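Biologist: I am new to this structure and would like a close look at a single part, taken slowly. Could you choose the charged side chains that pair with one another, and explain what each term means as you go?

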Amino acid sequence: MVATLNINRRKLLTMSSAAIAGLTVNQLLSKAYAQETQNTVSYSLPILDNVVTPNLNNPVRLNFNENALGMSGSAKQAAIDAIPKANRYAKAEMPLLNKRLAKHHHVSDDHILLTAGSSEGIRSAIAAYVKPNTQLVIPELTYSDGEHFAKIFKLKVTKVPSLADWQIDIKGLQKAVEDYQGYSIVYLVNPNNPTSTVFANSEIESWLTSKPKNTVFIVDEAYAEFVNDPTFKSVDYLISKGFDNIVLLKTFSKIHAMAGLRVGYVVSSADNIRHIAQYVAGEKLNYCGVCAALASMDDVQFLTYSKKAVDVSRTIIEKTLSDLGLHYLKSETNFLFHKSPIDLKKYRELMKQNFILIGRDFEPATNWCRISLGTPSEMLYVANVMRNLRNQSVI
């Protein structure tokens with residue numbers, strides 16, 4: 001018999017991560033709803049909601065690191081209200097978002113560049129620093145867009161082998177830059193994807209602040225808002241201090257749950273922003289996305305709620321993996337990386353047969369699996385499937 005624990009939104013917002021982690025799986029196996037009325041917008045968001053019953057046409061989608069919770073009610077309403085005006089360019093709204101982001105990162109307005117998601121930020125930042133004899137320096141296991149665009153621009157790609165459990169070798173990256181005679185673009189994803197791990201600022205601050213010659217650092221912090229590790233800190237504070245060798249990439253796709261609206265931005269020095277802006281489309285954001293982003297930034301309660309929901313989902317899958325004896329890396333994002341119990345392709349197909357879609361192959365970690373975090377109810381379904389498969393001696 002499953003124990004019942006009603007977790008409403010207010011209670012969830014007041015619970016610490018440690019308190020959430022202290023809940024038993026049985027306590028998490030429950031039903032609850034969260035109701036919120038804010039700024040005259042009413043919406044209902046699931047925490048541990050009705051039992052999920054996926055099917056072939058409606059699987060549990062845990063393969064693209066999307067925020068399954070969905071946008072905040074105020075952001076949805078802002079997008080809806082913008083539709084009648086979507087025949088116009090967002091020329092008045094984009095500067096408002098630019099100013100709001102500058103305030104958030106404690107920089108001046110000319111330190112922000114809006115982009116169509118973080119992918120355009122990656123592409124335009126790399127394009128801006130392409131020079132003869134340039135190398136892109138990356139860990140061997142990280143987000144693939146950096147390497148993808150580097151190859152398009154005919155750059156040399158230097159991959160640095162990982163340490164144990166796919167930890168990023170900062171000293172190895174540093175040596176790859178020091179040993180190279182040309183220009184280096186260092187692409188760092190923190191927290192990293194697909195590993196979901198972070199490296200502390202103490203590991204890279206001295207390197208960044210030493211301003212190595214002929215080197216620019218592109219730091220992708222798409223998942224930073226999910227981090228619980230107290231040693232983590234965004235590099236925006238270095239940019240606000242005047243360091244001009246850092247290009248920070250951010251997105252509204254993850255914590256704000258706006259992946260489909262394609263809103264991202266770059267934070268860097270004014271000179272860097274002017275330079276990178278030459279490689280970005282002029283009217284780059286859609287009207288609805290800009291308006292939704294403005295509303296979402298002001299919905300602080302939702303952002304806190306979004307993170308707490310991910311904390312609950314993470315606790316569910318971590319407890320399940322621990323109970324099953326499956327090795328996983330400490331997650332600091334809305335996804336998790338674990339050792340596959342069987343051949344990865346067979347594992348992926350087995351989960352698909354149970355209406356669960358999990359991550360693709362990530363070379364060279366061919367026996368590891370990335371699972372995005374769905375809503376808590378979805379993760380309860382996944383946990384039950386995994387336990388049943390173990391009971392059947394399939395995994």
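Modeller: What follows is a walk through the salt bridges, one pair at a time. This is a predicted model, in which local features need pLDDT of at least 70 and side-chain atom pairs count only at pLDDT 80 or more, while totals for chains, interfaces and linings use all residues. Residues are numbered from 1 along each chain as its sequence is written, and side-chain values use heavy atoms, with hydrogens and water left out.

Side chains of opposite charge can pair when their charged atoms come close. A salt bridge here is a side-chain nitrogen of Lys or Arg within 4 Å of a carboxyl oxygen of Asp or Glu, and a search of the whole structure finds 16 of them.

One of these joins K151 to E147, with 3.0 Å from N to O. Both residues belong to helix 7 (residues 145-152), where they sit 4 residues apart, about one turn of the helix; helices (H or I, at least four residues) and strands (E, at least two) are DSSP runs, numbered from the N terminus. E147 has a relative accessible area of 16% and is therefore buried, given that buried means under 20% relative accessible area, exposed over 50% and partly exposed in between (1.4 Å probe, protein chains only). The pairing does not end with these two residues, since E147, K151 and K159 are linked in a network of salt bridges.

Another salt bridge brings together the side chains of E221 and K250, at 3.7 Å from N to O. This pair links distant parts of the chain, with E221 in the loop between strand 8 (215-220) and helix 10, and K250 in strand 9, 29 residues apart. E221 counts as buried because its relative accessible area is 2%, and K250 is buried because its relative accessibility is 4%.

A further salt bridge is formed by K330 with E332, whose closest N and O atoms are 3.8 Å apart. In this pair K330 has 58% relative accessibility and so counts as exposed, whereas E332, at 2% relative accessibility, counts as buried.

Strand 9, which holds K250, also leads to another element, being among those that cover the buried residues of helix 5. Those buried residues are E93, M94, L97, N98, L101, A102 and H105, and beyond the end of helix 5 comes H106, whose phi is positive, near 60°.

Terms used: Contact means heavy atoms within 4.5 Å.
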